[in-house]
Amino acid sequence: MLHLLKIDLKKLTNYRTFWVVCGMYFITLAFVTASGMEVLKFAATKISDFGGELNITRVPFYHFPDVWQNLIWVSGLFKFVLGVMIIISITNEFAYRTVRQNVIDGMSRWEFLQSKILTNAVLAATSTVLLFLIALITGLIYSPELHFAEIIDDVEFFPAYFLQVFGYLSFALLLGVFINRAGLTIIVLMLARALELFVIHKVVDVDLLTPYFPLESIEGLITFPFQRYVFLEVLDHPLITTVLSAAFWTFMFNYFAYLKLKKSDI
Amino acid sequence: METVLSIQGLTKHFGSLRAVNQLNLEVQAGQVFGMLGPNGSGKTTTLGMLMGVVNPTSGDFRWFGQQPTHTVRKNIGAVLEHPIFYPYMSGQMNLEVNAMIKGASKASIDKVLDVIGLTDRRNDKYRTYSLGMKQRLAIGSALLNDPKVLILDEPTNGLDPMGIAEIREIIKRIAADNKTIILASHLLDEVQRVCTHFAVLRRGTLVHSGPIGDVGNGEETVEVVAFHDDLNHILMQFQGALTVQRTNGLAGHVGPFEVKLREGFSASDLNKFLFEKGIVASHLLTQKKSLEKQFLEILAEAGPENKKPR
């Protein structure tokens with residue numbers, strides 16, 4: 001399995017676009033999540049009314065345990081960039097027809113897909129680790145008091161975040177396997193969530209089913225946290241039903257990609 | 001002799017089109033096997049099925065007597081249609097990826113770069129290579145795992161005469177190395193030069209299969225030019241002549257006579273006959289039956305091209 005991962009990483013690490021896109025992704029991710037407090041402080045000094053009603057430095061954005069969920073939710077906004085990278089990677093294989101040559105050279109179709117899935121897992125894991133480090137460091141800096149129980153509270157969001165990124169990348173991979181063209185696939189990825197929301201609210205419109213839609217359950221793993229600062233209740237842990245639903249869809253994305261690849265003449 | 005490949009009833013339909021129809025074929029170890037056929041006759045589809053990229057509609061084939069799996073494919077080097085590599089990577093890097101897939105050693109990369117003469121350009125990006133170099137890199141990649149069988153599909157397609165000669169040299173060298181080669185081509189001359197056996201496909205159906213040696217046998221045709229007003233008549237008197245035909249020369253000139261000989265007669269008999277008649281031939285050329293001729297005959301025997309088999 002490690003061998004398959006190495007093959008795919010070798011293809012990617014020799015590809016300049018990979019470094020550009022992933023560099024952009026990880027740098028933006030790190031910068032935005034790490035600098036939030038300083039940006040707010042800066043805004044407070046420049047804009048007279050900003051933060052007037054409540055002292056911005058006293059809002060516990062970066063305090064343990066809030067910092068975990070806050071930063072994870074924000075970084076979830078950037079996973080589209082990683083999705084684009086995965087689409088470029090898989091559609092290149094179809095455009096150059098290298099998937100065909102890989103199979104001729106002795107990869108099974110499942111091994112080929114496995115190498116892509118493993119790369120997805122590595123990228124999701126890297127995002128998770130990076131975010132953990134940033135949240136840990138900023139939390140240590142900005143939390144007024146440190147209690148171990150508060151620090152480890154809510155860290156279950158990290159496995160959920162891993163599943164979120166991995167599931168999303170699996171979806172991007174599936175689209176790439178079915179559509180084969182980079183531009184069209186990226187557009188579909190962009191519109192997919194909006195399309196799903198339309199189906200949820202205008203076509204199906206059954207509240208009970210809503211959390212179990214594919215992208216909805218993946219997004220629902222990390223609930224929007226910031227309304228807690230205006231004294232609304234926030235779900236401060238991932239729901240097990242949502243986790244199961246997201247895991248199920250992630251599995252199905254990869255399984256459908258496998259079926260498609262197995263059936264088609266490449 | 002060891003059977004390298006046996007195909008039974010292999011069939012592929014693309015919708016209503018029968019690309020390959022009930023193909024049966026055997027390739028023995030050490031053969032250089034030419035697959036002939038016009039464009040679109042199903043050669044590449046057949047090879048695609050043999051290499052696991054096209055799913056057969058029905059039928060069966062075995063490599064080395066085993067069920068085909070991806071592990072078996074690692075020991076078969078194949079270039080189908082045209083070279084396929086990652087354009088943004090160097091030749092070296094591309095070979096490294098393929099060596100990882102095939103489980104070949106890194107040392108084998110240096111060796112094949114040497115065989116295909118690309119050692120100097122190994123670190124240049126693939127997209128900067130000329131077509132001939134791409135084709136050679138593809139053959140090199142196919143040789144990585146020191147395969148027992150090599151499959152080449154139109155390896156000289158689109159190359160200039162020098163490139164064609166280079167590829168032909170490489171193929172001959174590989175064949176001398178006791179490897180089995182399956183060569184698909186529509187260039188008959190190419191197949192005749194390098195192959196030991198050949199099969200002819202037409203519209204997905206096998207219409208002939210056998211050794212190349214057969215091709216040269218059979219009746220001979222002799223081209224004759226001599227200055228005599230009634231040469232046609234005199235040639236008809238020759239008892240070894242089966243038919244006499246006047247060919248059209250270039251630009252209105254009179255072309256040579258073509259005399260088809262009965263079996264047992266040769267050009268020297270004809271020469272002697274003419275000499276006894278007091279005629280000296282200025283041009284006498286024995287034409288062996290070329291593969292091209294036989295190929296066209298085989299296709300003609302198989303029925304008219306535009307008739308759709310149902």
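This passage describes chain B, its meeting with chain A, and a pair of packed helices in chain A. The model is predicted, and every value below is computed from it.

We can begin with the overall build of chain B. Its secondary structure comprises 11 helices and 13 strands. Measured out along the principal axes, the C-alpha trace covers about 75 × 50 × 40 Å. Of the 310 residues in chain B, 41% are buried. Contacts across the sequence are also informative: among those joining residues at least 6 apart in chain B, 70% link residues at least 24 apart.

Chain B also touches chain A. Here, 23 residues of chain B are in contact with 20 residues of chain A. Two helices of chain B, α2 (70-73) and α3 (91-102), each contribute at least two residues to this side of chain B. The largest share, seven residues, belongs to α3(B). Sorted by class, the side of chain B that touches chain A holds 14 nonpolar, five polar and four charged residues.

Turning to chain A, helix α4 (residues 79-95) packs against helix α8 (residues 157-179) at an angle of about 35 degrees, and their axes lie 8 Å apart. The crossing of α4(A) with α8(A) is right-handed. On the α4(A) side, the residues making the contact include A:Leu82, A:Ile86 and A:Ile90. On the α8(A) side, A:Val165, A:Leu169 and A:Leu173 are among them. By class, the contact between α4(A) and α8(A) is made up of 11 nonpolar, three polar and one charged residues.

Key
Residues are numbered from 1 along each chain as its sequence is written. Chains are lettered from A and ligands numbered from 1 in the order in which they are written. This is a predicted model: local features need pLDDT of at least 70, side-chain atom pairs count only at pLDDT 80 or more; totals for chains, interfaces and linings use all residues. Two residues are in contact if their C-beta atoms, placed from the backbone, lie within 7 Å. Helices (H or I, at least four residues) and strands (E, at least two) are DSSP runs, numbered from the N terminus. Ala, Val, Leu, Ile, Met, Phe, Trp, Tyr, Cys and Pro count as nonpolar, Asp, Glu, Lys and Arg as charged, and the others, Gly among them, as polar. A residue is buried if 20 or more other C-beta atoms lie within 10 Å of its own, exposed if 12 or fewer, and partly exposed in between; C-beta atoms are placed from the backbone. Axes are lines fitted to C-alpha atoms, for helices over the stretch in contact, and angles run from 0 to 180 degrees between N-to-C directions. A crossing is left-handed if the near helix is turned anticlockwise from the far one by less than a right angle, and right-handed if clockwise.
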